[in-house]
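Me: Hello! I have just opened this structure and would like to work through a few of its strands and one residue with you. Shall we begin?

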Amino acid sequence: MALKRFIALSALVVMLTGAQSKVRLPHILCDNMVVQQNTEVRLWGWSKAGKTIRVTTSWADDVYTAKAGKDGRWILTVKTPVASYTPLQITFDDGEPLTLSNVLAGEVWVCAGQSNMEMPMKGFGNCPVEGYNDEIIDARQYRGIHFVKIPSIMRMTPQEDAQCEWKEVNAETVGDASATGYFFAQAVNRALDIPVGLIMANKGGSRVESWLTKENLEKYTQEPTDSDGIVKFKPQWDYHRAMLWGNGTFNPILNYTVKGILYYQGCSNVGDPGDQYSGRLKLLVDQWRSQFGLGEIPFYFVEIAPYWYDNVNGDAGARLREQQFKASKLIPNSGLVCTNDLVYPYETQQIHPAKKREVGRRLAYLALNKTYGMTTIGCLSPSFKEMKIVEDKIHIYLDNNIGGFSRFEDIQGFELAGDDHVFHPAKAEHFWQPGGGNLNETIRLSSPDVKKPVAVRYCFKNFQIGNLKNAAGLPLFPFRTDNW
């Protein structure tokens, strides 16, 4: 019996020793992954301390090496080819080779944020994505789109790995892809004719603070960072808790070489005071850019959609959108997608609007224009520039008309107020006069209830749908000229 026990123990030791000596990769490095094209990408993992890891690729004769440190960790960079649909291979060898297959070179984007980014093509319960069946039918057209979903988990300390796998988009898998991310990838894939990889690292209900590091939270906020304090601060919903989701869900991807970040979040920060949200969002972007170590990578994000927030005529949601617009001016190499027109009138209480195709495409317009140089694509929504009071009317002037306005009549969503601070619906009409230079084209506002107007608001409510767009079909950002 003792001998049998000894043999079994010896076999276990051999097995464990062998397991420790074989190279181990994080789950995100696997078959079907997309590597960022035509650059140097990071590859990393673990092996037995002191072991030399040799990495070779199917697209070049170069041999890359790294030595595992005392803790077994190793990391190196590999030069990648230009994008193509040709399947590639990468082999890791520390004495026992491990080969990854069906790897593509293309463009890699992170899909971050809360539930409207997480929302899959198949939708959530009672929350459908418009056009889902047609997208299943058409999925085979997008052979170059792959995605990986990072599990949404909370951790007190930053995690180095997460249980995940890359998948190719097809009729069986597309339902699990982020709808916003997938529609973005479709447009980029069609426009550039290259593979697109999506890394989905998000969590429904998360706040901007959910993704900040312990160091940033302690330095710039009053949020607790100990486990008891975190729970007591947000006792009702764990998805509101600070730091934990970044540690568990985002940290595992930070070594991956990406092109940029797509972000759709903000609903859980509605009600934050003052300029807090815009400052903390900029802090998060600075943090992520520093952690990725890839320079000032693009950050394209989405304005929260109209939603009732318990009162359709309230303005808590509008004030958060205002903060998002401010953040777009604070964050370099960023762009904001307006969603004021992307809800149906019956979706007042639907926090997950069905129109995700347009959201993804508008993110793609930003990337194609600003990142990939397709400057003929209109990517910017019009925004308020200035106003002029003319007798009992107000003329407003907009930036980013991109050739003009979408309509001259039945313009909805404007309100005027006088010194009493009471807003009334305004009649809005396109107005043009010759010889005015950049002030010759405007929207003229009037209201029989406001004889001496002093302030303008446009869709500055929790749920109000406007209909004014520029010539590229992009909607006017909600705004206010007052600070009341």
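Me: In β21, which residue is the bridge partner of R457?
Reply: Happy to help, and please keep in mind that this is a predicted model. Strand β20 covers residues 455–458 and is joined to β21 by two bridges, the two strands running antiparallel. In β21, R457 has as its bridge partner R480.

Me: Which strands stand at the edges of the open sheet in the order β17-β16-β20-β21?
Reply: Four strands make up this open sheet, and their pairing is antiparallel. Each edge strand has a single partner strand, so one side of it is left without a neighbour in the sheet. The strands at the edges are β17 (423–425) and β21 (479–480).

Me: Which residue in β19 stands opposite W432?
Reply: Let's look at β18 (residues 427–432), which pairs with β19 in the antiparallel sense over six bridges. Strand β19 (residues 441–446) also pairs with β15 (residues 393–399), over three bridges; there, I396 has I443 as its bridge partner. Opposite W432 in β19 stands E441.

Me: Is T339 buried or exposed?
Reply: T339 lies in the loop between β13 (334–337) and α10 (356–371). Among the residues it touches, not counting those up to four places away in sequence, are V302, P306, V359 and R362. Buried means under 20% relative accessible area. T339 has a value of 1%, so T339 is buried.

Me: Which backbone oxygen does the side chain of T339 reach at 3.0 Å?
Reply: The side chain of T339 reaches the backbone oxygen of I304 at 3.5 Å. At 3.0 Å, the side chain of T339 reaches the backbone oxygen of E303.

Definitions and conventions. Residues numbered from 1 in each chain as written. Predicted model: local features only at pLDDT ≥ 70, side-chain atom pairs only at ≥ 80, totals over all residues. Heavy atoms only, no water. Pairing = 2+ DSSP bridges. Buried < 20%, exposed > 50% of the residue type's maximum accessible area, 1.4 Å probe, protein only. Polar contact = N/O pair within 3.5 Å; in protein donor to acceptor, adjacent residues only side chain to side chain. Contact = heavy atoms within 4.5 Å.
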